[in-house]
Amino acid sequence: MDLGIRGKRALVCASSKGLGRGCAEALAEAGADLVMNARGAEALEATAEEIRRAHGVDVTAVAADITSADGQEKVLAACGQIDILVNNAGGPPPGMWQDWEREDFIAALDANMLAPIALIKALVPDMMERGWGRVVNITSQSVRAPIAVLGLSNAARTGLTGYVAGTSRQVAAAGVTINNLLPGVHATDRADSLDGDVARTEGISLEEARALRAATIPVRRYGTPQEFGAACAFLCSQHAGFIVGQNFLLDGGATNLTV
Ligand code: NAP
């Protein structure tokens, strides 16, 4: 299927690895030029170069912390005209509900709620002016069903979800759609790190921790960044103009819900 976005320009935040990278690759495969971002310049430039070679699209790489105002400014300064925005950042650390202090909540809100909102506010007005735009926010399955040890994530991401629910309906008439993708367990560094915590706590190997988690997913495996990226590219496509303010679980059936 031709996604109809050849020549569009996409900002994909936090995209040197993992799910962000999956989204960047799928958009590039569809012919979109990219602005990519991550904090680590070396891995970011390596990924950007692989995508340039594989897909022949223009890729601008901006090393910056997207959760900070300075980082956002640096990325936006390199953007030019953006048609597609994919919001992403690292997830907050796990922990216990009684241990989190105000600063922990502020950091989680900055990363997983206020940074995407700042970028939406910066880029959506121009999209509206041009009559076309796509925004996809990478959130988490924890928006639909809480993951207790990820309370900071549960809190910050539902805040973003509430903002998107209203805002998406306000901008839709101008041809701009905003939707959220809710990853379940995917095979990325983030998943390795969470499995590593379980392995240490339970005194088991990383492989055993992975197998235990995979067994809880109806498809009995982790998702891949490629599958995730394909869903993102579809939401950014010409075909998705009637999809507004939705939350799509990509979790292999793990969240036990009827609707
Ligand atoms: P990942 O494999 O650890 O990759 C994270 C990417 O984001 C890297 O490119 C990293 O590069 C970049 N990044 C992290 N913090 C950043 C920042 N402050 N500014 C700019 N770039 C940043 O993570 P992932 O698994 O793809 O997860 C992506 C998001 O989905 C996270 O918020 C995660 O919590 C959420 N999620 C993931 C899963 C899963 O199973 N994988 C499930 C549910 C939710 P640098 O470190 O160089 O900056």
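**View 1. The largest cavity has a volume of about 100 Å³.** This is a predicted model, so to speak of local features a pLDDT of at least 70 is needed, and side-chain atom pairs count only at pLDDT 80 or more, while totals for chains, interfaces and linings use all residues. Residues are numbered from 1 along each chain as its sequence is written, and side-chain values use heavy atoms, with hydrogens and water left out. A search of the whole structure turns up 1 cavity of 30 Å³ or more. Here a cavity is a set of points, on a 1 Å grid over the protein atoms alone, where a 1.4 Å probe fits but cannot get out; lining residues have an atom within 4 Å of a point. Points are joined across faces, edges and corners, and the volume is the space filled by probe spheres set on them.

**View 2. A closer look at the cavity wall takes in 14 lining residues.** Asn 87, Asn 88, Ala 89, Ala 111 and Pro 116 sit nearest the centre of the largest cavity. Helix H4 (102-130) and helix H5 (151-171) each chip in at least two residues of the lining, and H4 gives the most, with 5 residues. Helices (H or I, at least four residues) and strands (E, at least two) are DSSP runs, numbered from the N terminus. By type, the lining splits into 9 nonpolar, 4 polar and 1 charged. Ala, Val, Leu, Ile, Met, Phe, Trp, Tyr, Cys and Pro count as nonpolar, Asp, Glu, Lys and Arg as charged, and the others, Gly among them, as polar.

**View 3. The ligand sits in a shell of 28 residues.** Ser 16, Leu 19, Arg 39, Ala 89 and Thr 188 are the closest; a residue makes the shell if one of its heavy atoms lies within 4 Å of the ligand. Helix H1 (18-29), strand E2 (33-38) and helix H6 (189-202) each supply at least two shell residues. This shell divides into 9 nonpolar, 13 polar and 6 charged.

**View 4. Backbone atoms of glycines meet ligand oxygens, including one at Gly 40.** A backbone N or O atom of Gly 40 is 2.8 Å from an oxygen atom of the ligand. For Gly 91, a polar backbone atom lies 3.3 Å from a ligand oxygen, and for Gly 184 a backbone N or O atom is 3.3 Å from one. Taken alone the ligand exposes 890 Å², and the protein buries 88% of that. Areas come from the Shrake-Rupley method with a 1.4 Å probe.

**View 5. Thr 161 in helix H5.** Thr 161 counts as buried because its relative accessibility is 12%; buried means under 20% relative accessible area, exposed over 50%, and partly exposed in between (1.4 Å probe, protein chains only). A polar atom of the Thr 161 side chain lies 2.7 Å from the backbone oxygen of Arg 157.

**View 6. Two loop residues, Ala 14 and Arg 220, with positive phi.** Most residues other than glycine have a negative phi. Ala 14, though not a glycine, has a positive phi of about 50°, in the loop between strand E1 (9-12) and H1. Arg 220 has a positive phi of about 60° and belongs to the loop between helix H7 (206-214) and helix H8 (225-235). At 54% relative accessibility, Arg 220 counts as exposed.

**View 7. Gly 133 in strand E5 (residues 133-138).** With 0% relative accessibility, Gly 133 counts as buried. Gly 133 and Lys 8 are 125 residues apart in sequence, yet 9.6 Å apart in space, C-alpha to C-alpha.

Key: 1 Å grid on protein atoms, 1.4 Å probe; cavity = no way out; pocket = protein on both sides within 12 Å on 5 of 7 lines; lining within 4 Å. Polar contact = N/O pair within 3.5 Å; in protein donor to acceptor, adjacent residues only side chain to side chain.
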